[in-house]
Each structure stands twice: as structure tokens, then as C-alpha cells.
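Colleague: I'd like to practise reading a structure feature by feature. Could you take me through one?
Modeller: Sure, let's put it up and start.

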Amino acid sequence: MNKKKQHYDNFLAEIYEYSPYFGKERREKDYATQYYIDNLPDKKDGRILELVTCTGLLTIPIAKAGYKIDSVDASPAVHEIVKRKLEFESKIVTDNISLKCSDVFEYCTENRYSAIVMPDSFLLAIADKQSQEDLIRKCYGLLKENGILIADIF
């Protein structure tokens, strides 16, 4: 990645972290986070996949709730913010999180998940309807039988 793009990505990640709805309000209120946790399957049923990390605003609470979570984001900058936050968390929480730096459309794994979460209206950030449908199909291919897909659209 060139230096100019890297600085821009870092800047956007920090803006996201402190924006009124996405970052600040999410840290101060748990309504968006709690919805996901309340609807996840039993912890013993397997791992959760999060598409996209979004500075860990959902990743860390899910891990604190005792779930193992793979969190995918194309931005190394948001993962750096998550890593900074994890310095203040217990080993149990940090061990529950696996950060994957990848474009969600290119993410490949042999794992099948008990749940896939897409927070922060991520699906709406994908401008093209065909790509949205392709991602939903990909998600269903990554789910275990009876797995669930949870997405928010604000």
C-alpha cells in the first residue's frame, strides 16, 4: 500500500472510531451491540464470523460475551485500533478474537460458522445489488447447517 493511501486509511479509521453514531454512541450505549449478542446461537455451537471489523465495536463485546470470533476487514488501520483496545482486555477476551485482514469478497476459509454478523449497515455500503447478493450467497456458504446471518440496516 502506498504511503498516501495508508495515511488516508488511518485517518478514516480514527474518524470512524470517534464519529457520533458509529463509534462514540456505540461505546456509550449498548443497543446495537446487545441486539447481536442476544441473537447469537449458543457459545458451544462454534465460531462467529464478523464482516467487517469496524474498529472492534462489536468484535470485542462478542468476545467478552464468551464467543470465539473471526473478524474480517480489508483495512489494516481498523485492526490496529482493535489491537490498541485489546491491550486493556483480559487474555480470555483477546484469545477469543482472530483478526483477518482481507477483502470480504476474497475471504477464504475451510471454517463453517454458527453465525455471521454484518454490523454498521455494511451491506448498504456495497453499492452494487449484484455484489450484495453475491456476498449474501457467500455468507450462506460459510454457515453451518442451521447457522444464522445477522445484519443491520439503518
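Colleague: Let me begin with a cysteine: is C101 buried, partly exposed or exposed?

Modeller: One caveat before that: this is a predicted model. To place a residue, take its relative accessible area and see which class it lands in; between 20% and 50% is the middle class. C101 comes out at 49%, so it is partly exposed. C54 has a relative accessible area of 9%, so that one is buried.

Colleague: And how many disulfides does a search of the whole structure find?

Modeller: The general idea is that a disulfide covalently links the sulfur atoms of two cysteines. Here the search turns up zero.

Colleague: Okay, zooming out. What does the secondary structure of the protein chain come to?

Modeller: Eight helices and five strands. Read from the N terminus, the elements go α-α-α-β-α-β-α-α-β-β-α-α-β.

Colleague: In what order do the five strands sit in the sheet?

Modeller: In general, strands of a sheet pair by backbone hydrogen bonds, in a parallel or an antiparallel way. This one is an open sheet with parallel pairing, ordered β3-β2-β1-β4-β5. At the edges are β3 (97-101) and β5, each of which pairs on one side only. On average, neighbouring strands are turned by 20 degrees against each other, ignoring direction.

Colleague: Which helix packs on the sheet and touches β2 and β3?

Modeller: That's α5, residues 76-86, and its direction makes about 160 degrees with that of β3. Another helix to look at is α8 (residues 129-142), which lies across β1, β4 and β5 and runs at about 140 degrees to β5.

Colleague: Let's stay with β4. How many of its residues are buried?

Modeller: Six of the six, over residues 113-118, so strand β4 is largely enclosed by the rest of the structure. Its pairing can be followed from strand to strand. With β1 (residues 48-51), β4 pairs in the parallel sense over three bridges, and five bridges join β4 to β5, again parallel. For a residue-level view, follow I116: it is the bridge partner of L49, and in β5 it has L149 as bridge partner.

Colleague: Now the chain end. Where is I153 found, and what does it contact outside its neighbours within four places in sequence?

Modeller: I153 is in the segment after β5 (143-151). The idea with contacts like these is to skip the sequence neighbours and see what is left: for I153, that's S121 and L124. S121 is 32 residues away from I153 in sequence, yet their C-alpha atoms are 4.6 Å apart. Even with those contacts, I153 has 55% relative accessibility, so it counts as exposed.

Colleague: How are the rings arranged in the one aromatic pair of the structure?

Modeller: For ring pairs, look at the distance between centres and the angle between planes. The structure holds one such pair, made by Y35 and Y36: 6.0 Å centre to centre with 80 degrees between the planes, which is edge-to-face. Next, check how each tyrosine is covered. Y35 has a relative accessible area of 46%, so it is partly exposed, while Y36, at 1%, counts as buried.

Colleague: And what share of the whole chain counts as buried?

Modeller: Of its 154 residues, 44%. The protein chain exposes about 8600 Å², with carbon and sulfur atoms supplying 55% of that. As for contacts with a separation of 6 or more, residues 24 or more positions apart account for 69% of them.

Note on methods. Residues are numbered from 1 along each chain as its sequence is written. This is a predicted model: local features need pLDDT of at least 70, side-chain atom pairs count only at pLDDT 80 or more; totals for chains, interfaces and linings use all residues. Side-chain values use heavy atoms; hydrogens and water are left out. Helices (H or I, at least four residues) and strands (E, at least two) are DSSP runs, numbered from the N terminus. Buried means under 20% relative accessible area, exposed over 50%, partly exposed in between (1.4 Å probe, protein chains only). Contact means heavy atoms within 4.5 Å. Rings of Phe, Tyr and Trp (its six-membered ring) pair if their centres lie within 6.5 Å; planes under 30 degrees apart count as stacked, over 60 as edge-to-face and the rest as tilted. Two strands pair if DSSP finds at least two bridges between them. A disulfide is a pair of cysteine sulfur atoms within 2.5 Å. Accessible areas come from the Shrake-Rupley method with a 1.4 Å probe; for residues, only the protein chains shown count as cover. Axes are lines fitted to C-alpha atoms, for helices over the stretch in contact, and angles run from 0 to 180 degrees between N-to-C directions.
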